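Colleague: Please take a close look at one part of this chain for me. I would like the nonpolar patch on the surface, and then its setting.

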Amino acid sequence: MIRILLFISFILVSATIIVAQPAHSLKGKVVDRSNRQPIEFANILLVGFGKGAITDQNGQFTIDDVVPGIYRLRVSAIGFKTVVTPDYIISTKNINVEVELEESTSELAEVTVVASPFRRNLENPIGLRIIGLQEIEKSPGANRDISRIVQSYPGVAFSPAGYRNDLIVRGGAPSENRFYLDGVEIPNINHFSTQGASGGPVGIINADLIREVNFYTGSFPANRSNALSSVLDFKLRDGDMEHYSLKATVGASEVSLASNGHLGDKTSYVVSVRQSYLQFLFDMLGLPFLPTFTDAQFKLKSRINENNEIVILGLGGIDNMRLNTRLTDEKSEYILSYLPKIQQETFTVGAVYKHYTGSHIQTFVVSHNYLNNRNTKYLANDESTNDNLMLKLRSIEQDTKFRFENLSTFGQWKINIGANLDFSHYSNDSFQRIYNSQLGVVQYQTALNMVRWGIFGTANYATEDERFAVSLGVRSDANNFSSKMNKLSKQVSPRVSISYGIVNGLFLNGSFGLYYQLPQYTALGYKGANDEWLNKSLKYINVAQSSLGLKWNINTNIELSVEGFYKKYNHIPYSVVDGIPLACKGDDYGVIGNELLLPTAQGRSFGLEILGKWIINRKLNVASSFTLFKSEYRNNKQSEYIASAWDNRYIFNMSGTYNLPKQWSIGVKLSCIGGAPYTPYDIEMSSLVDAWNAQGKPYYDYDRYNTERLPAFGQIDLRVDKIFYIKRYMLGFYIDLQNVTKSTFSQPDILMSTGEIENPDKPYSEQRYKMKYIEQKSGTILPTLGITFEF
């Protein structure tokens, strides 16, 4: 496969036609954010270039002769705060943008413009990473998947085994993250998601529609609820109000078609559809599961008038994972023995309405999300008789959400207050064979309807010179599930962040917050044999998180930050059957939370993060991060802390992309991660015929939970891009090679049944399979050829 891709790349190089590089115009309008009025005489600077413009009396500007590429604008005006915009892509046509400026109470003096690609967020000065188009489009080894791109940032772990996008941040579980799309909450961002967590093999959001991502690892905004470890806040592109475009992409796992343009003179649109061919890639790699997916996404934005606008968006996916039963090797045979067939349908639709009234902005958000998850497993994958049925799960989750916010500006203060009201429905019709001292069956039907409500407020203050900034926030949440969670006073969530400029370019930042998260619906809706709710004792999970750090803008191209963090968890659901916290599960396919739980577990995670960035606009983008941390849990206050499943101890990443002449670019990424702890197998229990047939895989010896540790792992990824511009057409190619050094990741040998009973003369309940061990190593190169066409 590598030879084929190298041959294709050689053909591309040989066939390169030297064409005059086209140039386009970057047009736009600068408006006052509070009243939407145009701003005259604003200075527009193309960051990194000695080129710019000044707005006319209508707030409009034009920068001509801009060659294709990714750009940012720095916009300033007397009496307004200077803004560095998100990235814009200029490709096959002129683009038109709109930039909002906020009034400044500083003296009306002439503005001094300093061109720097780095932005400072006064409300969230610590624990916030802003991911732009340059990183999204060309990150080596990520294939434009946000879940993989954020793995280059401090505090974010990755799985050396690959094929999954579990988001593990600062030692927290995959279930502790929340996701927003232009202010609308979406339940997960992956296809084939693990119900009760968030991971999956491939992202559901098409990168062609993303403008930037705000990635919070702490200091969460008060209007973003239910997060303990991170918030991913996606900002989508707006459609073009002057032109139409169409873009087709063939990537690592799918083919996609995206379009943007306008409907009349007030409404713009962006839309995309993707169809996967992941099953062919996995079949070629000899993997025992063959996933296929289809997804669609759209955004409509209508500027009703100067004071009102509305955004309507939608996101949906259809997933089907079949089993590759043609494989006969031992490792595939093992995975096929327990992995279920998975079918999922999911969608989110929402609307965001904004009303601008001078110094006040009202926002109304309404949305509905839906997940239909079906898992089915038969013993030896033999569906000829129901006697072989091991698992049959039919589960639906639905949420209808309402949120209102009012943002007011009073001089140097910004006050945001709001409330939310959610209606949730969860149903589950389950059949599952289990073994707990003897073979049994868990079978129940549940229908949980719940009302959730919350209130929040934030006050932000910054001095006129922005040397000092403070953000004070609070929110509180409640629901009608039980008396332990139905009072707002029991879940008060204060938070504060502070930033102070020590000297020019050097800032001391700190934050503290107490954050709450509702346990999974799968846990709340779990029922017993007598149709009673078994987990009524559960409470909101909470984490107290504090951070302290320094950020130093050494010059306009180099930024260095150091952050320390400490997280203390309480009321984590504890698995009665397995004797471990539920937070240590969720990094595999299936469902977590549908079991008997108690709110007794605790946890802590603490560490140090270092991030350095070196950016030369349109030439070089280098980032290097190192995280040293420890993640621990305990079953209750009386027990000792032990290593959590996410306790890798250290993570190192270094990546860089260099833009060569003639629209070539090359990127390299080095990733290293410490070994995660693991639990040895319970050989005695695993070999029992009843026990093995119940789940098709070995049982862990939880008395020795996480007493062993895997070796460290490192790999290098390589990516090469080439783009051709011919008149108004763009043709792009990229080759992405993951693990080019073929680094080997060693895991514990798999304990597996041979299918042969070693004591057939014993009573059936005492019969055991002869067991064997299968070596578990991985170290292949994963090549991807991507093609993009736009006009």
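Modeller: Here is the patch, followed by the chain around it and one small sheet. Bear in mind that this is a predicted model.

The nonpolar surface patch consists of Trp552, Ile554, Leu560, Val562, Leu608, Ile610, Phe626, Leu628 and Tyr650. Their combined accessible area is about 710 Å². Three elements each give two or more residues to the patch: strand 33 (558-575), strand 34 (597-616) and strand 35 (620-634). Take leucine 608 as one member. Leucine 608 lies in strand 34. Its relative accessibility is 38%, so it counts as partly exposed, between the 20% and 50% cut-offs.

Now the setting. The accessible surface of the chain is about 32,000 Å². Carbon and sulfur atoms hold 56% of that surface. Of the 791 residues, 58% count as buried. The chain has 45 strands and eight helices. Its radius of gyration is 27 Å, close to the 28 Å from the globule rule, so the chain is as compact as a globular protein of that length. The C-alpha atoms fill a box of roughly 95 × 70 × 50 Å along the principal axes. Among contacts with a separation of 6 or more, 66% join residues 24 or more positions apart.

Last, the small sheet. Four strands make an open, antiparallel sheet, in the order 3-2-6-7. Strand 3 (52-54) and strand 7 (83-84) are the edges; each has a single partner strand, so one side of each lacks a neighbour in the sheet. Strand 2 (residues 43-46) runs antiparallel to strand 3, joined by three bridges. Leucine 45 sits opposite glycine 52 of strand 3.

Conventions
Residues are numbered from 1 along each chain as its sequence is written. This is a predicted model: local features need pLDDT of at least 70, side-chain atom pairs count only at pLDDT 80 or more; totals for chains, interfaces and linings use all residues. Side-chain values use heavy atoms; hydrogens and water are left out. Two strands pair if DSSP finds at least two bridges between them. Patches are made of residues with over 30% relative accessible area and no salt bridge: like charges are joined within 9 Å, nonpolar side chains (Val, Leu, Ile, Met, Phe, Trp, Tyr) within 5 Å. Accessible areas come from the Shrake-Rupley method with a 1.4 Å probe; for residues, only the protein chains shown count as cover. A salt bridge is a side-chain nitrogen of Lys or Arg within 4 Å of a carboxyl oxygen of Asp or Glu. Buried means under 20% relative accessible area, exposed over 50%, partly exposed in between (1.4 Å probe, protein chains only). The radius of gyration is taken over C-alpha atoms; the globule rule is 2.2 Å times the number of residues to the power 0.38. Contact means heavy atoms within 4.5 Å.
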